[in-house]
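Subject: Structure handover

Hi there,

Here is the structure I promised to pass on, with my notes underneath. Have a look at it first, then read on at your leisure.

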Amino acid sequence: MSGPCIHSFISIIGSLSVTEDGEGRITGLYLPCQNLPAMDDRETDALADAAAQVNEYLSGRRRDFDVELSYEGTDFFRAVMEAMVCIPYGETRTYAQVAEAAGSPKAFRAVGSACAANPIPIIVPCHRVVPASGGIGNYSGGTSIKRRLLEIERQ
């Protein structure tokens, strides 16, 4: 394979872009209005598959993603990413519950930081993480997109 690349596509929530590492592992999903990294714009099989799966999810036809992921970070960050992937479709977890699932029950504030740094939103469903005090909390793509994603999962 060749180096990292990006592919943009249209979805019901706007223009999205997905990146891969050059080995077929998805490394990023960029929501509307997010800055895109500079890399080759090329549609690979892995990127086309990820784009198709995201569009299926957004149209309510997919509940789980079947793409290989790659993300870097501390052991804690990786544990939070894995804990978020395990949140079932249509359900939410609090920051404290995710911290506990990641093996650091007192690190609920750090879970918020990890959610904000999530490079693969939607596929790694940080939109399913909400505050214990109620409401939906923040989202890197904006609260209107987070609300829309949660509504899709309630249908």
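C33 is exposed, with a relative accessible area of 84%. Please keep in mind that this is a predicted model. You will find C33 in the loop between β3 and β4, and its backbone deserves a look too: C33 is not a glycine, and yet its phi is positive, at about 75 degrees.

I122 makes a nice companion to that residue. Its phi is also a positive value, near 75 degrees, in a residue other than glycine. Is I122 buried or exposed? With a relative accessibility of 1%, I122 counts as buried, because the cut-off for that is under 20%. I122 sits in the loop between α4 and β6, the latter covering residues 129–130.

Now to the sheet. Four strands make it up, in the order β3-β2-β1-β4; the sheet is open and its pairing is mixed. The edges are taken by β3 (26–30) and β4 (40–41), each of which has a single partner strand, so one side of each has no neighbour in the sheet. As a reminder, strands of a sheet pair through backbone hydrogen bonds, in either a parallel or an antiparallel way.

Going through the pairs, β1 and β2 run antiparallel and are joined by seven bridges. These two strands form a hairpin, with two residues between them, and S11 stands opposite G14 in β2. On the other side, β2 (residues 14–20) pairs with β3, again in the antiparallel sense, over four bridges. Among the residues facing each other here, S17 has Y30 in β3 as its bridge partner, while E20 stands opposite I26 in β3. The hairpin of β2 and β3 has five residues between the strands, and G22 takes a positive phi there, near 95 degrees.

How many residues of β2 are buried? Five of its seven are, so to put it in words, the strand is mostly covered, given that buried means under 20% relative accessible area. Helix α1 (residues 45–58) lies across β1 (5–11), β2 and β3, and runs at about 25 degrees to β1.

The helix packing may appeal to you as well. Two packed helices are described by the angle between their axes and the distance between the axes. For helix α2 (residues 75–85) and helix α4 (residues 108–116), the angle is about 80 degrees and the axes are 10 Å apart. That makes α2 roughly perpendicular to α4, since angles of 65 to 115 degrees fall in that class. Which residues meet in this contact? From α2 come F76, F77, V80, M81 and M84, and from α4 come A110, V111, A114 and C115. By type, the residues of the contact of α2 with α4 are nine nonpolar, no polar and no charged.

One loop residue is worth a stop before the rings. A107 is in the loop between α3 (95–101) and α4. Apart from neighbours within four places in sequence, A107 is in contact with F76 and A99. If you would like a pair for a distance check, A107 and L36 are 71 residues apart in sequence and 30 Å apart in space, C-alpha to C-alpha.

Last come the aromatic rings. A search of the whole structure turns up three aromatic pairs. One of them is Y57 with F65, a tilted pair with 5.6 Å from centre to centre and 45 degrees between the planes. Y57 counts as buried, with a relative accessibility of 0%. Another is Y71 with F77: the ring centres are 6.4 Å apart and the planes stand at 85 degrees, so this pair is edge-to-face. Both Y71 and F77 are buried. F77 will be familiar from the helix contact, where it is one of the residues of α2 that meet α4. Finally, Y57, F65 and Y89 form one aromatic cluster.

Have fun with it, and drop me a note once you have had a look.

Best wishes

Terms used. Residues numbered from 1 in each chain as written. Predicted model: local features only at pLDDT ≥ 70, side-chain atom pairs only at ≥ 80, totals over all residues. Heavy atoms only, no water. Axes fitted to C-alpha atoms, helices over the stretch in contact; angles between N-to-C directions. Parallel < 35°, antiparallel > 145°, perpendicular 65-115°, else oblique. Contact = heavy atoms within 4.5 Å. Nonpolar A, V, L, I, M, F, W, Y, C, P; charged D, E, K, R; others polar. Pairing = 2+ DSSP bridges. Phe/Tyr/Trp six-rings, centres within 6.5 Å; stacked < 30°, edge-to-face > 60°. Buried < 20%, exposed > 50% of the residue type's maximum accessible area, 1.4 Å probe, protein only.
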